[in-house]
Amino acid sequence: MRTLLITGPGGAGRTTIAAATALAAAREGTRTLLLGTDPTDTLGTALGTPVTGPAPTPVAPNLTVWRPDPATGFRAGLTALQDRATTALDLLGAARLDPEELTPLPGAAELALLRALRDAALADDAHELVVVDLPPSPGALALLSLPGELRRYLRRLLPPERQAARALRPVLGRLAGVPMPAEALYEAAARWDLELAATEAVVADHDTVVRLVAEPSPAGLDAVRATTLGLALHGLRTDVLVANRVFPEPTADTRLAGVLAQQRKAVDEWRESYDVRTVDHLGRDPRGTDDLAALAVPAVNTRQRTATVEWPVVDRIAQDGVLVWHIPLPGAVREDLDLIRRGDELVVTAGQFRRIVPLPSGLRRCTVSGAGLRDGELRIRFAPDPGLWPAGR
């Protein structure tokens, strides 16, 4: 299954391009699922169909639209959590919440979308292509990094190795005077970790790519540059950049001369770094399948696999006495970069984005000796720690 994640600056026509891309693939005979998060059903409006909802809804041959309902999953998850935490809640004298009084908290929609993406990937041969209308960037980047962040929190709060001491919990509970975490809590943590890992695997898969949609303008240039940096920091791959709402040339309207020049300049600059595909402005807001077909969006190759994003470690011990970790960060600015070593993790900050990444096993036995940014690539030098490095290596 191919997964196409579509995002870009707000107001650039991202949802319309997502709907047009899914429709074009379906008309080519590809079984396609279109996922969205907008509660106002902008996907249904773009497609000119009856209202789409929380259940997968066929809207055209080979095309199904699904807007997951965050309330349903939120209520079920919190109710199950209360059931597993009964002992702790009773100890605190807490009153249980009934499912009817639960309303989704901020972030529930994002979790529902990720759960739907995972379920779609696990459905055997149900779809050949999943097109996801993500929120505008950088919200999309926060959403895509959420599974990895939540797994990290779980490992810190409920380390799996602590389960080895399950036989001691009753004794420790009597000594401490309070109940120790029940086995069900660790089992729940293991189940959550497995579910998050499955979602993380879909995002990181060879067959998952990000397609950017932006209007060619000064604001679009800045937004695409920032989004590209965030995607690179999180190891996500892009396929094409859609320059949307491009005015055709020539035009008799002299008032558009300045806009046309601005669009040409932006598209030319993008073509130096991206595979750019232009989509013409229709002169109106696209509505319905005929308008979407007229947009001539770039096709999706469901058979071509994308190259993985590599962060290689280069051995230069013989030449310089160091190992060098190469992290591609196109568009990064030296003044906006920051690195912090915390145990076996590295905190990398690039502009407005931040990621905590585990060090490769070999680098955990080293100390950071320096770093530099060259040709859009961050190169971090690690010197072997004599006290930890194997003798003779």
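Is V202 buried or exposed, and with what relative accessible area? V202 is buried, with a relative accessible area of 10%, where buried denotes under 20% relative accessible area, exposed over 50%, and partly exposed the range in between, evaluated with a 1.4 Å probe on protein chains only. The structure is a predicted model, in which local features need pLDDT of at least 70 and side-chain atom pairs count only at pLDDT 80 or more, whereas totals for chains, interfaces and linings use all residues. Residues are numbered from 1 along each chain as its sequence is written, and side-chain values use heavy atoms, with hydrogens and water left out.

The secondary structure of the chain comprises twelve helices and 15 strands, these being DSSP runs numbered from the N terminus, with helices (H or I) of at least four residues and strands (E) of at least two. Of the 393 residues in the chain, 40% are buried. Among contacts (heavy atoms within 4.5 Å) between residues at least 6 apart in sequence, 68% join residues at least 24 apart.

V202 belongs to helix 8 (residues 183-204). When residues up to four places away in sequence are not counted, V202 touches T3, L117, R118, A121 and T208. The C-alpha atoms of V202 and L114 are 9.5 Å apart in space, although 88 residues separate V202 and L114 in sequence.

L114 also takes part in the packing of helix 5 (residues 108-122) against helix 6 (residues 139-157), whose axes come within 10 Å and cross at roughly 85°. Axes here are lines fitted to C-alpha atoms, for helices over the stretch in contact, and angles run from 0 to 180 degrees between N-to-C directions. Helix 5 and helix 6 are therefore roughly perpendicular to each other, given that angles under 35 degrees count as roughly parallel, over 145 as roughly antiparallel, 65 to 115 as roughly perpendicular and the rest as oblique. The contact is formed by E110, L111, L113 and L114 of helix 5 together with L143, L146, P147 and L150 of helix 6. By class, the contact of helix 5 with helix 6 has seven nonpolar, no polar and one charged residues, where Ala, Val, Leu, Ile, Met, Phe, Trp, Tyr, Cys and Pro count as nonpolar, Asp, Glu, Lys and Arg as charged, and the others, Gly among them, as polar.

A second helix pair is formed by helix 9 (residues 218-233) and helix 10 (residues 257-271), which pack at an angle of about 20° with their axes 9 Å apart. Helix 9 and helix 10 are therefore roughly parallel to each other. To this contact helix 9 supplies P218, G220, L221, V224 and R225, and helix 10 supplies Q262, A266, E269 and W270. The contact of helix 9 with helix 10 has, by class, five nonpolar, two polar and two charged residues. T227 is likewise located in helix 9 and counts as buried at 5% relative accessibility. Residues up to four places away in sequence being left aside, T227 touches S137, L141 and L212.

Two aromatic pairs are counted, rings of Phe, Tyr and Trp (its six-membered ring) being paired if their centres lie within 6.5 Å, with planes under 30 degrees apart counted as stacked, over 60 as edge-to-face and the rest as tilted. The rings of W311 and W325 have their centres 5.9 Å apart and their planes at 65°, so this pair is edge-to-face. Because W311 lies in the loop between helix 11 (289-294) and strand 9 (313-316) and W325 in strand 10 (residues 322-328), the pair ties together parts that are 14 residues apart in sequence. W311 counts as buried at 17% relative accessibility, and W325 counts as buried at 4%. The rings of W325 and F382 have their centres 6.5 Å apart and their planes at 55°, so the pair is tilted. This pair links distant parts of the chain, with W325 in strand 10 and F382 in strand 15 (residues 377-384), 57 residues apart. W311, W325 and F382 form one aromatic cluster.

Backbone geometry was also examined. Most residues other than glycine have a negative phi, and most peptide bonds are trans. The peptide bond from S137 to P138 is cis, with omega near 5°, and P138 is found in the loop between strand 5 (129-133) and helix 6. D41, although not a glycine, has a positive phi of about 60°, and D41 is buried, with a relative accessible area of 6%. R245, also a residue other than glycine, has a positive phi near 60°; R245 is placed in strand 7 (residues 238-246) and counts as partly exposed at 27% relative accessibility.
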